[in-house]
Amino acid sequence: MKASILLIEDEKNIIELVRYNLEQEGYKVFVSTRGNTGAEEAIRRKPSLIILDLMLPEMNGLDVCKTLKANDMTAAIPVVMLTAKSEEADKIVGLELGADDYITKPFSPRELLARVKAVLRRSQEKPKEKTLKAGDLEVDTGKHIVTVKGKTCELTSKEFDLLQILMEARGRVLTREVLLDKIWGYEPSLNIETRTVDMHIGQLRKKIRSESPRIVTVKNVGYRFDDES
Ligand code: CA
């Protein structure tokens, strides 16, 4: 069965373009034209993916994204943002809020489908379950639970992915570009995008408390996870 997609967008021509192209590919498409009802629809429909416009009546896209990521019922649903060129700063905020990808308007149907497929594929990949350990830090990749000294750390899905990738590569330096590509799935074209990685690393360090020195900044390169205690 093909995936279902919830489109939260108020511009008629964009709705038609997106709906037509996704339906042609066999996806089931739901549309919501307001931010607040969009978040409610997401809970009701449990779509495989959400395409979220940033400029919406009632509640803007960033607030919708925050609402979706804060709710257990919708937190795991991947979100692709629709942004205008002038909304560059919002795009970064969106990624920081947990959006998985973005498409800049105007976009071609081909780009839309490529992004949707890539995000769906990433969200459906089931990684092998295992427990990663370093000092007092334990990561259960099956249950998505991170603990330090047995106390749970509340990580977002991106922070979790970041920690897992760093731990799996322990001792090796991973560049921001590699991390961006592995976690967000795209080649960074703007310097600003690599700052998203720095921001997530900052949050992650705070959350793993006493084990934070294990995430070492390698100046002008990237990050390394230190195994030694
Ligand atoms: Ca709009």
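**Setting values against definitions in a predicted model**

Reader: What makes S11 and S12 count as paired strands?

Author: In this predicted model, strand S11, residues 215–218, is joined to S12 by four bridges, and the two run antiparallel. Pairing requires at least two bridges between two strands, so four bridges are enough for the name. One of the links can be pointed to directly, since valine 216 has arginine 224 of S12 as its bridge partner. Between the two strands of this hairpin there are three residues, and asparagine 220 takes a positive phi near 65°.

Reader: How many bridges join S10 to S12?

Author: Strand S10 (residues 173–175) and strand S12 (residues 222–225) are joined by three bridges and run antiparallel. Because at least two bridges are asked for, this too is a pair. Here leucine 174 stands opposite tyrosine 223 in S12.

Reader: Why are S6 and S9 said to stand at the edges?

Author: An open sheet is formed by four strands in the order S6-S7-S8-S9, with antiparallel pairing. Strand S6 (131–134) and strand S9 (151–153) each have a single partner strand, so one side of each is left without a neighbour in the sheet, and they are therefore at its edges. From one strand to the next, the twist averages 25°. S6 pairs with strand S7 (residues 137–140) over four bridges in the antiparallel sense, and threonine 131 has aspartate 140 in S7 as its bridge partner. Helix H6 packs on this sheet, touching S6, S7 and strand S8 (145–148), and its direction makes about 110° with that of S7.

Reader: Which strands stand at the edges of the sheet whose order is S2-S1-S3-S4-S5?

Author: That open sheet has five strands, and its pairing is parallel. Strand S2 (28–32) and strand S5 (101–105) each have a single partner strand, so each has one side without a neighbour in the sheet, and these are the edges. The twist here averages 20° from one strand to the next. S5 and strand S4 (residues 79–84) run parallel and are joined by five bridges, with leucine 82 having isoleucine 103 in S5 as its bridge partner. Two helices lie across strands of this sheet: H1 lies across S1, S2, S3, S4 and S5, at about 165° to S2, while helix H5 (residues 109–124) lies across S1, S3, S4 and S5, at about 175° to S5.

Reader: What makes a residue a donor of the calcium ion, and which residues coordinate the ion?

Author: For calcium, an N, O or S atom within 3.2 Å is taken as a donor. Glu9 (OE), Asp10 (OD), Asp53 (OD) and Met55 (O) coordinate the ion at 2.1 to 3.0 Å, so they meet that cut-off. Glutamate 9 lies in the loop between strand S1 (4–8) and helix H1 (12–24), and aspartate 53 lies in strand S3 (residues 49–53), so the pair ties together parts that are 44 residues apart in sequence.

Reader: Are glutamate 9, aspartate 53 and serine 4 buried or exposed?

Author: Buried means under 20% relative accessible area. Glutamate 9 has 0% relative accessibility, so it counts as buried, and aspartate 53, at 2%, is therefore buried as well. Serine 4, which is found in strand S1, has 15%, and because this is also under 20% it counts as buried. Leaving aside neighbours within four places in sequence, serine 4 is in contact with residues including Lys28, Phe30 and Leu49.

Reader: Where does the largest nonpolar core draw its residues from?

Author: The largest nonpolar core has 46 residues, and Ile50, Leu137, Val146, Leu163, Ile208 and Ile215 have the most contacts inside it. Helix H6 (residues 157–168) gives the most to this core, namely six residues. At least three residues come from each of domain 1 (4–123) and domain 2 (131–226). Another core, of 20 residues, lies apart from it and has Tyr27, Ile103, Val116 and Val119 among its members.

Reader: How many residues of each domain take part in the contact?

Author: The centres of domain 1 and domain 2, taken over C-alpha atoms, are separated by 26 Å. Twelve residues from domain 1 and eleven residues from domain 2 take part in the contact.

Definitions and conventions: Residues numbered from 1 in each chain as written. Predicted model: local features only at pLDDT ≥ 70, side-chain atom pairs only at ≥ 80, totals over all residues. Heavy atoms only, no water. Donors = N, O, S within 2.8 Å, 3.2 Å for Na, K, Ca; no water. Buried < 20%, exposed > 50% of the residue type's maximum accessible area, 1.4 Å probe, protein only. Core = buried A, V, L, I, M, F, W, Y, C linked by side-chain atoms within 4.5 Å. Domains from an automatic or database assignment. Axes fitted to C-alpha atoms, helices over the stretch in contact; angles between N-to-C directions. Contact = heavy atoms within 4.5 Å.
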